[in-house]
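Hello,

Here is the structure you asked to have passed on. My notes on it follow below.

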Amino acid sequence: MRIVITIGGSILLKEYDSKRFEEYAEVIRQLNQEHEIFIVVGGGKPARQYISVVRDMGETESICDEIGIQVTRINARLLQCALKDIAYPAIPTNFQQALEYSATNKIVIMGGTEPAHSTDAVGSILAEYVGADLVINATSVDGLYDKDPNKFDDAKMFTEVTADQLMEVVSDNDTKAGTYEFIDKTAIEIIKRSSIKTIILNGNNPENLITALNEPIGTVIKN
């Protein structure tokens with residue numbers, strides 16, 4: 001099976017050390033034994049901090065996005081280092097490169113591609129481009145909720161939603177650089193038109209990636 005995994009930068013860089021990168025590398029090695037893996041890494045807190053600096057300088061949101069993209073590629077490079085020789089040794093900057101690099105049978109890891117595309121959007125477009133069977137979206141929460149579970153005790157998690165239902169949930173989300181919540185509209189539109197099965201799950205435990213292939217976990221997006 002061809003799988004695209006998106007990992008939020010805040011998951012990998014919760015602490016500024018190598019532990020989480022190495023934990024993910026171990027799980028990804030296991031998955032790679034039976035599946036073809038592509039990975040998209042987000043920017044997380046470092047990206048938001050840099051974006052804040054640039055925004056304070058009065059730069060446009062496109063420039064803010066550009067800075068954030070550079071940070072995602074640094075994070076991708078760190079995961080690449082953790083995976084060592086089973087990862088392709090260069091970070092693709094577009095989807096064509098990602099597909100070309102995959103011909104080597106190495107794990108392809110990338111960050112952002114262009115302004116206004118979140119990590120989720122890049123992962124969904126990549127999945128469509130390479131004909132993936134599954135997208136796993138590793139986030140900081142257990143799945144998709146009707147509202148922010150960190151702020152509301154009565155937030156309810158969906159175990160399964162359609163792309164249309166998901167669009168309703170995120171319709172009021174902000175689209176400024178560094179502010180994407182859960183999953184953005186572009187990602188949902190790609191999931192809908194491509195009918196790509198997508199699972200949103202808690203990435204704080206890397207083992208959840210393996211669990212997702214064997215039993216229900218998180219939120220499944222279906223058409």
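The lining of the largest cavity is mixed in class: four residues are nonpolar, four are polar and one is charged. Please keep in mind that this is a predicted model. The residues in question are Thr6, Asp120, Ser124, Val135, Asn137, Ile183, Ala187, Ile191 and Thr198. Three elements each give two or more residues to this lining, namely α6 (119-130), β4 (134-139) and α8 (185-194). The volume of the largest cavity is about 30 Å³. With 30 Å³ or more as the rule, the count is one cavity.

Next, the helix pairs.

α6 and α8

Two of the elements that line the cavity, α6 and α8, also pack on each other, at an angle of about 20 degrees and with their axes 7 Å apart. Angles under 35 degrees count as roughly parallel, and α6 and α8 are therefore roughly parallel to each other. Their crossing is left-handed. From α6, the residues that meet α8 are Asp120, Ala121, Ser124, Ile125 and Glu128. On the α8 side they are Thr186, Ala187, Ile190, Ile191, Arg193 and Ser194. By class, the contact of α6 with α8 has five nonpolar, three polar and three charged residues. Asp120, Ser124, Ala187 and Ile191 appear in this contact and in the lining of the largest cavity.

α5 and α6

Helix α5 covers residues 95-102 and packs against α6 at an angle of about 55 degrees, with the axes 10 Å apart. That angle makes α5 oblique to α6. The crossing of α5 and α6 is right-handed. Phe95, Gln96, Ala98 and Leu99 make the contact from α5, and Val122, Ile125, Leu126, Tyr129 and Val130 make it from α6. Eight of the residues in the contact of α5 with α6 are nonpolar and one is polar, with no charged residue. Ile125 of α6 takes part in this contact and also in the one with α8.

α2 and α4

What is the angle at which α2 and α4 pack? For helix α2 (residues 19-32) and helix α4 (residues 61-83), the value is about 60 degrees, with the axes 9 Å apart. As a result α2 is oblique to α4. The crossing of α2 and α4 is right-handed. The α2 side of the contact consists of Phe21, Glu22, Tyr24, Ala25, Ile28 and Arg29, and the α4 side of Asn75, Leu78, Leu79, Ala82 and Leu83. The contact of α2 with α4 divides into eight nonpolar residues, one polar and two charged.

Regards

Conventions
Residues are numbered from 1 along each chain as its sequence is written. This is a predicted model: local features need pLDDT of at least 70, side-chain atom pairs count only at pLDDT 80 or more; totals for chains, interfaces and linings use all residues. Side-chain values use heavy atoms; hydrogens and water are left out. On a 1 Å grid over the protein atoms alone, a cavity is a set of points where a 1.4 Å probe fits but cannot get out, and a pocket is an open set with protein on both sides within 12 Å along at least five of seven lines; lining residues have an atom within 4 Å of a point. Grid points are joined across faces, edges and corners, and a volume is the space filled by probe spheres set on the points. Helices (H or I, at least four residues) and strands (E, at least two) are DSSP runs, numbered from the N terminus. Ala, Val, Leu, Ile, Met, Phe, Trp, Tyr, Cys and Pro count as nonpolar, Asp, Glu, Lys and Arg as charged, and the others, Gly among them, as polar. Axes are lines fitted to C-alpha atoms, for helices over the stretch in contact, and angles run from 0 to 180 degrees between N-to-C directions. Angles under 35 degrees count as roughly parallel, over 145 as roughly antiparallel, 65 to 115 as roughly perpendicular and the rest as oblique. A crossing is left-handed if the near helix is turned anticlockwise from the far one by less than a right angle, and right-handed if clockwise. Contact means heavy atoms within 4.5 Å.
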